[in-house]
Structure formats: C-alpha cells, structure tokens
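Here are some short exercises to help you find your way around a new structure. Try each task yourself, then read the solution below it.

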Amino acid sequence: MSDITDRWRELAAQPSGVSTADLDRLWADLAVTRAEDILGEWKGAAFRTGHPLCRALDKNRWYGKTFVSTLEAKPLICRAEDGTLFSNLELGGGGEATLWNIEFRGEVTATMVYDNRAVFDHFKQLDADTLMGIMNGRPDQVLADGEYFYFLLERI
C-alpha cells in the first residue's frame, strides 16, 4: 500500500479532529480527474474537521452524490426515513448541479457547480473509485472560520 493511501485511510477513519492542513497536504498529492471520468453513483462521507456542514449532512442523512452526466449532477442524495434514497433539492438550495473542468489551486480538475448557489465541489482522485472533494464558494455559504469543507466519495 502506498504512503498516500495510508494517509487517506488514517484521515478518513478519524472520528473527529481531522486537521485541514493534513487534508490540504493530502489533496496536493492526489491526481486531478476530469468531469467525464467521474460519472456514476458515489457514497459520501465527511472528513471530520468540525466544519458545521458535517452536522447538517448527518442530520439530513446524506448518502452521497450521483453524476448522471456532465449536465445532470445530484449533489445531495439523502436517505429518507423509510430507507429510500432521494435528491434533496431543499438542502441544495432548490436545485441540483452540473460538472465542469475548472481550475482550483492551480490545477484543472473535475468540479461540480451548484445550480442555485455560488458553491463549487472540486474533486481529485486517490484512484478511479475514490475521490476527495473540497467544497468552495462564497464565504457566507461554505467557509467556516475561513476553512473549506472536505469530504470523500467512493464509487458504488
């Protein structure tokens, strides 16, 4: 197993107190990916940095994301009380999203652009079935004390 995979697993397994500096170092070592290469269904989890979105996603039983095509992305697939999955439009600000290849931190990588919010999820890959995401956008909508929201996705 590679050093980067070991670091990934260690950070993903921490129940709290994950350092954003550690996540930024991990991000820098990951490979960029293209929007058209991440189509499909993904199960998600938050890196536990203490960002308020961790609690909001837990409360809404966030399950993951579905990228049907570059023009149809469902950013907030949640689990209903009865166990079924649905696209939570209310949580997403009344819309869904699209996928683009956009520059972030000096690299062009797959990015999900929310329909009704100035919010961008940038993605890099550990491998073809494992992505790291950083949510970026307007400070009043995304940043918490100047910190981004970090999450991971695993292909279903």
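**Exercise 1.** Find which residue caps the N-terminal end of helix 2.

*Solution.* Keep in mind that this is a predicted model. Step one: go to the N-terminal end of helix 2, where Ser19 acts as the cap. Step two: look for the atoms involved, a side-chain oxygen of Ser19 and the backbone nitrogen of Ala21, which lie 3.1 Å apart.

**Exercise 2.** Work out how the buried residues of helix 2 are arranged around its axis, and what covers them.

*Solution.* Step one: pick out the buried residues of helix 2, which are Thr20, Leu23, Leu26 and Trp27. Step two: look down the axis; these residues fall within an arc of 115 degrees, so they line one face of helix 2. A general rule helps here: an α-helix has 3.6 residues a turn, so residues three or four places apart point the same way. Step three: see what lies over that face; the cover includes helix 1, strand 6, strand 7, strand 8, strand 9 and strand 10.

**Exercise 3.** Sort residues of helix 1 into buried and exposed, and find what the buried ones pack against.

*Solution.* Step one: in helix 1, residues 3-13, the buried residues are Ile4, Thr5, Trp8 and Leu11. Step two: their arc around the axis is only 135 degrees, which puts them on the same side of helix 1. Step three: turn to the other side of helix 1, where Asp3, Arg9, Glu10 and Ala13 are exposed. Step four: follow the buried residues of helix 1 to their partners, namely helix 2 (20-29), strand 8 (119-127), strand 9 (130-137) and strand 10 (149-155).

**Exercise 4.** Decide whether Thr5 is buried or exposed, and find its side-chain partner in a polar contact.

*Solution.* Step one: Thr5 has a relative accessibility of 16%. Buried means under 20%, so Thr5 counts as buried. Step two: the side chain of Thr5 is joined to that of Ser2 by a polar contact of 2.9 Å.

**Exercise 5.** Compare the settings of Arg105 and Asp145, starting from phi.

*Solution.* Step one: recall that most residues other than glycine have a negative phi. Step two: check Arg105, where phi is positive, near 55 degrees; phi of Asp145 is also positive and near 55 degrees. Step three: place them in the chain. Arg105 sits in the loop between strand 6 (97-104) and strand 7 (107-114), while Asp145 belongs to the loop between strand 9 and strand 10. Step four: look at accessibility. Arg105, at 37%, counts as partly exposed, whereas Asp145, at 82%, counts as exposed.

**Exercise 6.** Describe the largest pocket: what is its volume, and which residues lie nearest its centre?

*Solution.* Step one: the volume of the largest pocket is about 220 Å³. Step two: its lining has 17 residues, and those nearest the centre are Leu53, Leu76, Leu91, Arg117 and Met135. Step three: trace where the lining comes from. Helix 3 (52-59), strand 3 (62-69), strand 8 and strand 10 each give at least two residues, and helix 3 has the largest share, with 3 residues. Step four: sort the lining by character, which gives 12 nonpolar, 2 polar and 3 charged residues.

**Exercise 7.** Locate Gly83 and state how far its C-alpha atom is from that of Arg61.

*Solution.* Step one: Gly83 is in the loop between strand 4 (72-79) and strand 5 (85-87). Step two: with a relative accessible area of 29%, Gly83 is partly exposed. Step three: the C-alpha atoms of Gly83 and Arg61 are 9.9 Å apart, and the two residues are 22 residues apart along the chain.

How values were computed. Residues are numbered from 1 along each chain as its sequence is written. This is a predicted model: local features need pLDDT of at least 70, side-chain atom pairs count only at pLDDT 80 or more; totals for chains, interfaces and linings use all residues. Side-chain values use heavy atoms; hydrogens and water are left out. Buried means under 20% relative accessible area, exposed over 50%, partly exposed in between (1.4 Å probe, protein chains only). Helices (H or I, at least four residues) and strands (E, at least two) are DSSP runs, numbered from the N terminus. The arc is that of the directions from the helix axis to the C-beta atoms. Contact means heavy atoms within 4.5 Å. On a 1 Å grid over the protein atoms alone, a cavity is a set of points where a 1.4 Å probe fits but cannot get out, and a pocket is an open set with protein on both sides within 12 Å along at least five of seven lines; lining residues have an atom within 4 Å of a point. Grid points are joined across faces, edges and corners, and a volume is the space filled by probe spheres set on the points. Ala, Val, Leu, Ile, Met, Phe, Trp, Tyr, Cys and Pro count as nonpolar, Asp, Glu, Lys and Arg as charged, and the others, Gly among them, as polar. A polar contact is a pair of N or O atoms within 3.5 Å; within protein, one must be able to donate a hydrogen and the other to accept it, and residues adjacent in sequence count only if both atoms are side-chain atoms.
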